[in-house]
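Here's a quick briefing to read with the structure open beside you. Have a look at the fold, then work through the points by topic.

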Amino acid sequence: GKMLTNLKSGRYKSLQIENGFTTWFFQSGHWDLRDVTLAEYEKRLSELFTEFAKFRDKFRSTTSPLRLVWLGLPAFSYRRDMWGG
């Protein structure tokens, strides 16, 4: 997804340096589960959390810790079969 891509590309690093955010929000949509298997979704999510942990460690502050707020797991699409799943 976009968050993982932007973490890897350095885009979020630039935004963090420029803005000094204390909180980043993440939400995956139902399409993230629709387009891949559950195992692949878990793999990608694990990779995202690993990359965010590295990002957080790079910008760690004792006065304002950097947090990731996960806005929830996407609902499983009842129409998944329409997309070959």
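This is a predicted model, so start with confidence: the protein chain averages a pLDDT of 81, and 78% of the residues score at least 70. Helix α2 (residues 11-19) comes out best, with a mean of 93, while helix α3 (residues 30-34) has the lowest confidence, at a mean of 66.

**Overall layout**

- The protein chain has four helices and two strands, and going along the sequence they come in the order α-α-β-α-α-β.
- Of its 85 residues, 28% count as buried.
- About 6,100 Å² of the protein chain is exposed, and carbon and sulfur atoms supply 54% of that.
- Take the contacts with a separation of 6 or more: 71% of them join residues 24 or more positions apart.

**The nonpolar core**

- The largest nonpolar core has 14 residues, and M3, L7, Y12, W24, L48, F52 and F55 are the ones that touch the most other members.
- At least two residues of this core come from each of α1, α2, β1 (23-26) and α4 (38-58).
- Helix α4 is the top contributor to this core, with five residues.
- What does Y12 touch, once you leave aside neighbours within four places in sequence? Y12 is in contact with K2, M3, N6, L7, W24 and F55.

**Helix α1**

- Helix α1 covers residues 2-9, and its buried residues are M3, L4, N6 and L7.
- Those buried residues sit on the same side of α1, because they cover an arc of only 165° around the axis.
- K2 and S9, on the other side of α1, are exposed.
- The cover over the buried residues of α1 includes α2, β1, α4 and β2 (67-70).
- N6 has a relative accessible area of 19%, so it counts as buried, the cut-off being under 20%.
- Not counting residues up to four places away in sequence, N6 touches R11 and Y12.
- Right after α1 comes G10, which has a positive phi, near 95°.

**Helix α2**

- Y12, L15 and Q16 are the buried residues here.
- Looking down the axis of α2, you'd see these buried residues fall within an arc of 100°, so they line one face of the helix.
- Turned away from that buried side, the face of α2 carries the exposed residues I17 and E18.
- The buried residues of α2 pack against α1, β1 and α4.
- G20, just after α2, takes a positive phi of about 60°.

**Helix α4**

- How does the span of α4 agree with its 21 residues? At 1.5 Å a residue they should span 30 Å, and the end C-alpha atoms are indeed 30 Å apart.
- Buried in α4 are Y41, L45, L48, E51, F52 and F55.
- Why do the buried residues of α4 line one face of the helix? Seen down the axis, they fall within an arc of 130°, so they line one face.
- A bit of general background helps here: an α-helix has 3.6 residues a turn, so residues three or four places apart point the same way.
- On the other side of α4, you'll find A39 and K43 exposed.

**Two glutamates in α4**

- Is E51 buried or exposed? E51 is buried, because its relative accessibility is 17% and the cut-off is under 20%.
- Setting aside residues up to four places away in sequence, E51 touches L4, L7 and K8.
- E47 is found in α4 too, but E47 is partly exposed, with a relative accessible area of 28%.
- Beyond its neighbours within four places in sequence, E47 is in contact with L4 and K8.
- E47 and L4 are 43 residues apart along the chain, yet their C-alpha atoms are separated by 7.8 Å.

Note on methods:
Residues are numbered from 1 along each chain as its sequence is written. This is a predicted model: local features need pLDDT of at least 70, side-chain atom pairs count only at pLDDT 80 or more; totals for chains, interfaces and linings use all residues. Side-chain values use heavy atoms; hydrogens and water are left out. Buried means under 20% relative accessible area, exposed over 50%, partly exposed in between (1.4 Å probe, protein chains only). Contact means heavy atoms within 4.5 Å. Accessible areas come from the Shrake-Rupley method with a 1.4 Å probe; for residues, only the protein chains shown count as cover. pLDDT is the predictor's confidence in each residue, from 0 to 100. A nonpolar core is a set of buried Ala, Val, Leu, Ile, Met, Phe, Trp, Tyr and Cys residues joined through side-chain atoms within 4.5 Å. The expected span of a helix is 1.5 Å times one less than its number of residues. The arc is that of the directions from the helix axis to the C-beta atoms.
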